[in-house]
Amino acid sequence: MIQTLGLEYFKIRRKKIGILITLLLSFEMLWSFVSISMSIARNPDQAVWESVLFSVSSMNGLFMPIVSAIVVSRICDMEHKGNTWKMLVATDVKRGRLYAAKYICANILLLYGLLAQTVLMVAFGLVKDFPGAPPVDLLARYIGGTMLVTLAVTALQQWISWASQNQTFALCLGMVSGFIGMTSGLFPAAARHLFIWSYYLDLSPVTYRYTEASSTYMEQPWGFGIAAAALAMALLLYIAGSIHVTRKEM
């Protein structure tokens, strides 16, 4: 497996996927930071760590599905364009192992983007002089929750990208998913939880509560039911995709 995973990184070394992730997520972070800065200018009480965590979590619903779709598509598309599937499966490398290597490769790249987000949030909070030290517990929960949802999203995207030579559908799915993730907060809870992309906000460590007199950021307890549902979706989508690819005619 290590050799197969290393081969995946060797094949994408010139595709500049890391740079692409950096650019897209940098735009997301810039958008979030400008929005938070405007809110702080109007209401200095919002200069707290919870504000940046909530803002980035809500923006992830839009950006992470799109970034995941692009990353997975580029990793899988090289085999479609080069027509190398038959050559790969003709070797002693099993399809299931190759499928796993691509999945791990994609998620490690996305984890890099997630960690970069976290570093930028801490830097922004220090520059804005947020009270107290960076909340390590909330940041760790942010990383864990966001990565858990991403595992399910990439499992779905890889299944679609591997199954179809035309990557247009996979990329369109990413854009539609981003729209659902961005607007999921408007859905009723029963409907929202049917879409994995809404879980970026559901597993955020911070939520925003509205009252008649005011509104405030509040720590959101870890939803073990939501986390279990996200993990179940990731496992089911990965297993279904792996079985489909293993049995598919090349």
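This section describes the overall fold of the chain and then the residues of its last helix. The structure is a predicted model.

The chain has ten helices and two strands. Read from the N terminus, the order of elements is α-α-α-α-α-α-α-α-α-β-β-α. Both strands therefore follow nine helices and precede a final one, as the element order and the DSSP runs numbered from the N terminus show.

The chain comprises 250 residues, and 48% of them count as buried. Its accessible surface amounts to about 12600 Å². Carbon and sulfur atoms account for 68% of that surface. Contacts were also examined by sequence separation. Of those between residues at least 6 apart in sequence, 80% join residues at least 24 apart.

Helix H10 spans residues 224-247. Alanine 228 lies in this helix. Its relative accessibility is 45%, so alanine 228 counts as partly exposed. The C-alpha atom of alanine 228 is separated by 9.6 Å from that of leucine 148. Along the chain, these two residues are 80 residues apart.

Isoleucine 243 is also found in helix H10. It has a relative accessible area of 40% and is therefore partly exposed, since that class lies between the 20% and 50% limits. Ile243 contributes to a nonpolar surface patch of about 350 Å². The other members of the patch are Leu231, Leu235 and Ile239. Patch residues must have over 30% relative accessible area, and the 40% of isoleucine 243 is consistent with its place there.

Notes: Residues are numbered from 1 along each chain as its sequence is written. This is a predicted model: local features need pLDDT of at least 70, side-chain atom pairs count only at pLDDT 80 or more; totals for chains, interfaces and linings use all residues. Side-chain values use heavy atoms; hydrogens and water are left out. Patches are made of residues with over 30% relative accessible area and no salt bridge: like charges are joined within 9 Å, nonpolar side chains (Val, Leu, Ile, Met, Phe, Trp, Tyr) within 5 Å. Accessible areas come from the Shrake-Rupley method with a 1.4 Å probe; for residues, only the protein chains shown count as cover. A salt bridge is a side-chain nitrogen of Lys or Arg within 4 Å of a carboxyl oxygen of Asp or Glu. Helices (H or I, at least four residues) and strands (E, at least two) are DSSP runs, numbered from the N terminus. Buried means under 20% relative accessible area, exposed over 50%, partly exposed in between (1.4 Å probe, protein chains only). Contact means heavy atoms within 4.5 Å.
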